[in-house]
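Hello,

Here is the structure I promised to pass on to you. Please have it open while you read, and my notes follow right below.

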Amino acid sequence: WNNDFPWTTTKNNSAMVALQSRFPRDKVVLTAGYRRDRVEINEATLGAERLPRATNLHLTRADRFVDDTITRFKGATRTVGAVVTPLPWVGLTYNRSESVFPQGNFRNIFGRVLDPIEGTGHDYSIRLNLLGGRLGAAVNQYRAVGANQFQPALNAPKNQVANAANGALTTLRARGLPLPGSVAVHGITLLDTDSRDASDFVGRGTEIELTGRLARGWSVSINLSRNRLEQSNIATDVNAFLAAVKSEWEASRTTLNDTLAAVATFVRTRDGTPQRDFVANPATFADVYAYSVSVIDVFNRGTGKAPFTHVGEMANAFTSYRFAEDAPSVLKRGRVGLGANYRGPAVIGYDSANSDAVILGASSVYLNGMLGKRFPLRRGQSLDVQLNVENLLNNNDRLPYSAATPGVVVRSILPRVRQTWSLRATYTF
C-alpha cells in the first residue's frame, strides 16, 4: 500500500434483540435486551517496511505498507429490568446491565488499540405521581463498576511522561542501544502522545427529580444529584511502562542527547541548581524516570478516591410562568422563567500530608433567565419571540483547578459557563 496519509479503517457490526412482557393491566412489565458489537480496526501503519532514501516530509509517506494489522474486538451487552406499578400513583423500577463496548480506534501509548470498556450496573428508582398528576417525584439510585474507562484528566500527565521518556528512547536509538523490552515488544520506537489512558471505577449515586404544574401557568422543575466514584488501576499503561523501565532507568547515569525543558526545570528545582547548563551537563535517564514518577504520582494518590476534576454534587432548578389570555395586555401570552445551576466543588488534588485526602475546590452557582411572548397575526399566523440569558449575573470568578496543599491553589480556570444570550423568533403560518 502506498498513499499520502495514514491508512486506517474502522468497521462496526452490531446486532440487537429486545424483549418485553406485560402482565395484566400493565402492573408488571419485564424487559430484557442483548446486543453484540464487533469492531475491526484496520491500521496499515502498524505493518510497513521503510522505503529506500525515505524522507520525513509530512506529505510523502516514508513507508510501503505490505500488510495490514487488524485488531478485532467483540463485546456483548446484556440487560434485564422490571417496572412494577402496584398503585396508579407509584411505580418501582429496577435494571441490571452488563456491557463490553469497544473503544473504536483510540490507542494507548504503545500504539495498541484500547481494550473495550467493561461495566456492570444496577439502577433502582421509585416514581410518584401526586396531586392528581400535577406533581411528579422520582428518586433514582445507581451502582456501577467499570474497567478501562477513558479519563480526560489523564491526557496531560500521560503526554508529559511520554515526551520525557521519548527523549531517553531517542538517545538510545541514536547510540544504537537496545530499547526497553516494554517498547520493543510492541514494534515501536517512541511512545505515542496521540493516545489515551484509562482507569477502573466503582461508582454509586442518587438523583432526585421534582416536576410539576402547581398552579395555572406555573411550572417547576428541580433536579438534585450526588454521586461518588472510587478509582483504581489509574493510568494503566503509563504506570506499566514506568514499572517496566524502573530497574534500568531509576539509577541510570546515562546522559541524554537532549534534555526536555520540563525535565530541566524539575532537576534544577530538585537539586537547587537554577543555573545548571544542560548542554554541558545533560540530564540522565534517572532524572527522566524521577520526573515521570513525580508527574504521575500526583494522580496515583487518588487510588481508592474520587478522580481528579470529579464533581460530587450538582443541582438544577427552573421555574416559569405563562400568562393567560385574560392577563393585562402587556403580559398577555407572555412567559418568564428563572433558573439556577449549582455545581459542587471539584477534586483538585490529594493532600500527601494527610493520607492523600481529597482536596476540594470551590462550588459555583449560575442564574439563567428567560423572557418570551407570542404575538398573534392575521389568518391564524403568529410570531413567537424568546430571549434566553445564561449566567445572568455575569459570574466570572475563577475556579481552583489544581492544588497539592489545601488552601494553596496552583492553577485556576475560568468558569465553565460564560455569560451568553440568544434571541429566537418563530413565525407560524
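Leaving aside the neighbours within four places in sequence, Gln151 is in contact with Asp197, Ser199, Phe201, Gln231, Pro307 and Phe308. Please keep in mind that this is a predicted model. Gln151 belongs to the loop that runs between β8 (135-150) and α1 (155-174). Is Gln151 buried or exposed? Its relative accessible area is 7%, and buried means under 20%, so Gln151 counts as buried. One of its contact partners, Gln231, also meets Gln151 through a polar contact between the two side chains, at 3.4 Å.

Arg196 is another loop residue you may like to look at, sitting between α2 (181-184) and β9 (198-215). With a relative accessible area of 21%, Arg196 is partly exposed. Which residues does Arg196 touch, once its neighbours within four places in sequence are left aside? They are Phe106, Arg107, Asn108, Ile109, Leu114, Phe150, Asn155, Lys158 and Asp237. For Asn155 there is also a backbone distance to quote: its C-alpha atom and that of Arg196 are separated by 6.5 Å, although the two residues are 41 residues apart along the chain.

Now to the helices. The axes of α1 and helix α5 (residues 285-300) lie 9 Å apart, and the two helices pack at an angle of about 165 degrees. Angles over 145 degrees count as roughly antiparallel, so that is the description for α1 and α5. The crossing of α1 past α5 is left-handed. On the α1 side, the residues that meet α5 are Pro157, Gln160, Val161, Ala164, Ala165, Ala168, Thr171 and Leu172. Their counterparts in α5 are Phe285, Val288, Tyr291, Ser292, Val295, Ile296 and Phe299.

Last, the strands. Strand β12 (residues 334-343) runs antiparallel to strand β11 (residues 313-322), and nine bridges join them. β12 also pairs with strand β15 (residues 364-376), again in the antiparallel sense, over 10 bridges. Ala340 is a handy residue for following both pairings: in β12 it stands opposite Ala317, and it also stands opposite Leu367 in β15. If you colour by side-chain direction, remember that in a regular strand the side chains alternate between the two faces of the sheet.

Do write back with any questions.

Best wishes

Technical notes:
Residues are numbered from 1 along each chain as its sequence is written. This is a predicted model: local features need pLDDT of at least 70, side-chain atom pairs count only at pLDDT 80 or more; totals for chains, interfaces and linings use all residues. Side-chain values use heavy atoms; hydrogens and water are left out. Helices (H or I, at least four residues) and strands (E, at least two) are DSSP runs, numbered from the N terminus. Buried means under 20% relative accessible area, exposed over 50%, partly exposed in between (1.4 Å probe, protein chains only). A polar contact is a pair of N or O atoms within 3.5 Å; within protein, one must be able to donate a hydrogen and the other to accept it, and residues adjacent in sequence count only if both atoms are side-chain atoms. Contact means heavy atoms within 4.5 Å. Two strands pair if DSSP finds at least two bridges between them. Axes are lines fitted to C-alpha atoms, for helices over the stretch in contact, and angles run from 0 to 180 degrees between N-to-C directions. Angles under 35 degrees count as roughly parallel, over 145 as roughly antiparallel, 65 to 115 as roughly perpendicular and the rest as oblique. A crossing is left-handed if the near helix is turned anticlockwise from the far one by less than a right angle, and right-handed if clockwise.
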